[in-house]
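Visitor: Could you take me through one part of this protein in some detail? I would like to look closely at the salt bridges.

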Amino acid sequence: MLKGIACSLIASFLFGYIYYFSTKLIPLAGQDIFGFRIIFSLPFIWGAVFLFKQSFYLRQHFKRIQRQPWFFLVYCCTAAISGFEMWLFLWAPNNNEALNVSVGYLILPLALVLVGKVFFKEKISKLKTVAIGMASIGVAVDIFISGGGSWTSAAVCGYAIYFLIRKHFQIMDLASIAIEFMLMLPVCFYFVSQTDIMTAQAVNPNIIYLLLILGLISGIAFISYIMASNLLPMNMLGLLSYMEPTLLLVSAFIIGEKISNESYPLFAGLIASILFVILDGVNEFRKQRMERIHQ
């Protein structure tokens, strides 16, 4: 249990640090950083496939594509969504959108709960229902006050579509993620080929080393998260998942972004919803623990 918690915290910390770290990669644009990150992270992804004995699932996916060629389009779709979200993650800190994207990641777990209820008829506890209501009120008030809300926050919540597709087609394993990364490669190589790395080095002499470090951090973070998912119960993993968006929020403040007065109702609603989700997770974890003790 402790090892799983440690892996989850390491992953969250590293993902949060990547958010801040991307500001050190100036003058590269978001698409440049995204391209290099995927290329340098790919060896770690494929290494994780064999480390966690996922090669069987990899063969099953390829056989499925052979039987149903149209299924290749499903992977193209999930790769496109995931690629866009990873680009946005790296683009936001250098374009004054770090705070809004952090808000999106705070709302995303609740959006996933709602998607599970609507599309898969999953049960939602009373506390989670209250949490969704509190977050919805905060978002509604923010949209009313600001006159439209943030497109970047909404885009992050669109990540729920990615998980919806993966669950519907039963491609939730690590091997499918490796396939998605491979499908991103052509676009990444194009972005990298358009990068004037010599000019970037003139502005930032350490840019090559920083990009290699980015790939290393990304790979370690990814493997740590996979290890945590294998070691922890789903409820505990869900509780700890809020650590990452919290750290993203902290990174946004460190970068220099500030909460506007108009956004206070939104953050009040989100904080209240997070507390209800945490309380629900703690109750569920205690319940499962007691059931194991009495067995």
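Guide: Here is a walk through the salt bridges, one pair at a time. This is a predicted model, in which local features need pLDDT of at least 70 and side-chain atom pairs count only at pLDDT 80 or more, while totals for chains, interfaces and linings use all residues. Residues are numbered from 1 along each chain as its sequence is written, and side-chain values use heavy atoms, with hydrogens and water left out.

Let's start with the idea itself. Side chains of opposite charge can pair when their charged atoms come close. A salt bridge here is a side-chain nitrogen of Lys or Arg within 4 Å of a carboxyl oxygen of Asp or Glu. The structure holds three of them.

Take Glu 122 and Lys 167, whose closest N and O atoms are 2.2 Å apart. This pair links distant parts of the chain, 45 residues apart: Glu 122 sits in the loop between H5 and H6, and Lys 167 in helix H8 (residues 159–168). Helices are DSSP runs (H or I, at least four residues), numbered from the N terminus. To describe how open a residue is, we use relative accessible area: buried means under 20%, exposed over 50%, and partly exposed in between (1.4 Å probe, protein chains only). Glu 122 counts as partly exposed because its relative accessibility is 32%. Lys 167 is partly exposed too, with a relative accessible area of 36%.

Now move to Lys 128 and Asp 280, whose side chains meet in a salt bridge at 3.9 Å, N to O. Here again distant parts of the chain are linked: Lys 128 belongs to helix H6 and Asp 280 to helix H14, 152 residues apart. Lys 128 has a relative accessible area of 26%, so the residue is partly exposed. Asp 280, at 11%, is buried.

That leaves Arg 166 and Glu 180, where the N to O distance in the salt bridge is 3.1 Å. Arg 166 lies in helix H8 and Glu 180 in helix H9 (residues 174–193), so this pair ties together parts that are 14 residues apart in sequence. Are these two buried or exposed? Arg 166 counts as buried because its relative accessibility is 3%, and Glu 180 is buried as well, at 0%.

As you turn the model, try finding each pair in turn: Glu 122 with Lys 167, Lys 128 with Asp 280, and Arg 166 with Glu 180.

Methods
Helix = DSSP H or I, 4+ residues; strand = E, 2+ residues; numbered from the N terminus.
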